[in-house]
Amino acid sequence: MLYRWLGKTLAKLSVVAVALCVFSAGEGACEDGLLLRVGLASWGFSVKSIVFSSASGLKLFDASGSMLLETEGDECIRLSADGGVFVTRVGLQVKSSPGPFVVAVSRASDAITIQSADNKRARRYRGKIEARLKPVGMQLINIVSLEDYIMGVVSAEMPSSYPLEALKAQAITARTYALANFGKHRAEDFDLCDTSHCQTYNGVSAETPRAAEAVRTTEELVLTYEGKLASVMYSSDCGGATQDISEVRPNVRLPYLCSVTEPMEIPHITWEFSMSLPELKEKLVSGGLKQCANMSAISVAKISSSGRVLQFEIVTDSGKIQIEGHKVRSALGLSLVKSLLLTVEQTQDGIVIFKGKGAGHGIGLCQVGTKWLASAPTNWSYEQILEHYFPGTRLQSLRAISASGVVRVLKTLPQNLPTDTLQRTSIVDESRYNSESIARHRQSESGCSLAFDVRVEAPDGL
Ligand SMILES: [Zn+2]
Ligand SMILES: [Zn+2]
């Protein structure tokens, strides 16, 4: 809906858009076309063989836009990447394509099921699936609308048992994050990945009616700061106080990512583990911290205003050294050291005990806190929750900020064209690309290549 509106608005504002809308008249032109390319990293990037199906049947196109195969009903297409070519099979029909990609499109816009060749794993996705040849096997990319993507993210990132207002706050945070980080994986042919590196996204398989409701009722809403998209972040459990980003990334000035404490006692998780000094030493060294090879003690040297460890002090044979908290955390493993809100004790017999609170980096929205703030007795609305975790930000609809120039639609094209290039959507965050790469990027997308091209001006520094 929004993008249809944007398309119309821009048709009025821009000669390019007018021309393209006329060009594509009669083909369902200027439809809601803000599409993301989500790299399905959770399937791996050297998939040898995969099976596609969809309730209404599938069409499989090659990179030139020619249809390779089609199916009816829930018949399966088996796709293998073998020796630098795709081999596709439906029943006894076998066709090959030299790549570089093929796109699977459902006949009636149903979800597409991807199944592993050994039938052990299956997952359903809205939108289209592109398979791209890699030196070994192929990588899978889900081409999906922003709102459908957000539905998959909210469902995967937050339990659907959480109050609706918490799910709404998560939806808006996830939508803002997606737009502000659009193109993070551009070098790998997609925009965002489906793991917690970007945001966890499990397609339709994870969707719940409550998450869908939260996404629908907050459609278009994003957080802005001083007229720009906010660079929001979130983590699962802040342990009682969120982390000020400027203390871990000193060059970043984002006043809304300051340290806040929840206005009531919230059951944040606590955790504890211990290991002998030699064991700790071995883990730190094998985790890349070679300077710990001769360590004899570890303690906390410096904490942030929220209490997180910024620096550890390590005593070694050749003196004391300081190592940043996050380096120790990643060397030991993020699932073991759940957060840096911790204390370290060393017993006389050489056992090191870590005790901590919370899970995750602790910057921005706290998912557990959100759950409790949206529950009785506080019963906060999603507006109150977002104002608490991102103070000073504004809730705005994409259409409002597009009119003010934060998100600008440069051109629109019909999205019902078959190949990847014709469906490619792009949000160019110019702060992240030099002018040369933008020029190249645009050139590669010329010739009816975009369903939509939106320019996002992200805040400086992130
Ligand atoms: Zn990622
Ligand atoms: Zn919290």
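In the predicted model, helix H10, which spans residues 382–389, has as its buried residues Tyr382, Ile385, Leu386, His388 and Tyr389. Viewed down the axis of H10, these buried residues fall within an arc of 160°, and they therefore line one face of the helix. An α-helix has 3.6 residues a turn, so residues three or four places apart point the same way. The buried residues of H10 pack against two helices, H4 (164–180) and H9 (367–373), as well as against strands E14 (221–225), E23 (365–366) and E24 (394–397).

The packing of H10 on H4 can be described in further detail. The axes of H4 and H10 come within 8 Å and cross at roughly 55°, an angle that makes H4 oblique to H10 because it lies outside the range under 35 degrees that counts as roughly parallel and outside that of 65 to 115 that counts as roughly perpendicular. The crossing of the two helices, H4 and H10, is right-handed. On the H4 side the contact is made by Glu165, Ala166, Lys168, Ala169 and Ile172, and on the H10 side by Tyr382, Ile385 and Leu386, each of which is also listed among the buried residues of H10. By class, the contact of H4 with H10 comprises six nonpolar and two charged residues, with no polar residue.

Helix H4 also packs with helix H5 (residues 209–217), at an angle of about 60° and with the axes 8 Å apart; H4 and H5 are therefore oblique to each other, and their crossing is right-handed. In this contact Leu164, Leu167, Lys168 and Ala171 of H4 meet Arg210, Ala211, Glu213, Ala214, Val215 and Thr217 of H5, and the residues divide into six nonpolar, one polar and three charged. Lys168 of H4 is thus listed in the contact with H5 and in the contact with H10.

A further partner of H4 is helix H3 (residues 146–157), whose axis comes within 9 Å of that of H4 and crosses the latter at roughly 125°. H3 and H4 are therefore oblique to each other, and H3 passes H4 in a right-handed crossing. H3 contributes Leu146, Tyr149, Ile150, Val153, Val154 and Glu157 to the contact, while H4 contributes Leu167, Gln170, Ala171, Ala174, Arg175 and Ala178. By class, the contact of H3 with H4 has nine nonpolar, one polar and two charged residues. Leu167 and Ala171 of H4, which take part in the contact with H3, are also found in the contact with H5.

Note on methods
Residues numbered from 1 in each chain as written. Chains lettered and ligands numbered in written order. Predicted model: local features only at pLDDT ≥ 70, side-chain atom pairs only at ≥ 80, totals over all residues. Buried ≥ 20, exposed ≤ 12 C-beta atoms within 10 Å, placed from the backbone. Helix = DSSP H or I, 4+ residues; strand = E, 2+ residues; numbered from the N terminus. Arc of directions from axis to C-beta. Contact = placed C-beta atoms within 7 Å. Axes fitted to C-alpha atoms, helices over the stretch in contact; angles between N-to-C directions. Parallel < 35°, antiparallel > 145°, perpendicular 65-115°, else oblique. Left-handed = near helix turned anticlockwise from the far one by under 90°. Nonpolar A, V, L, I, M, F, W, Y, C, P; charged D, E, K, R; others polar.
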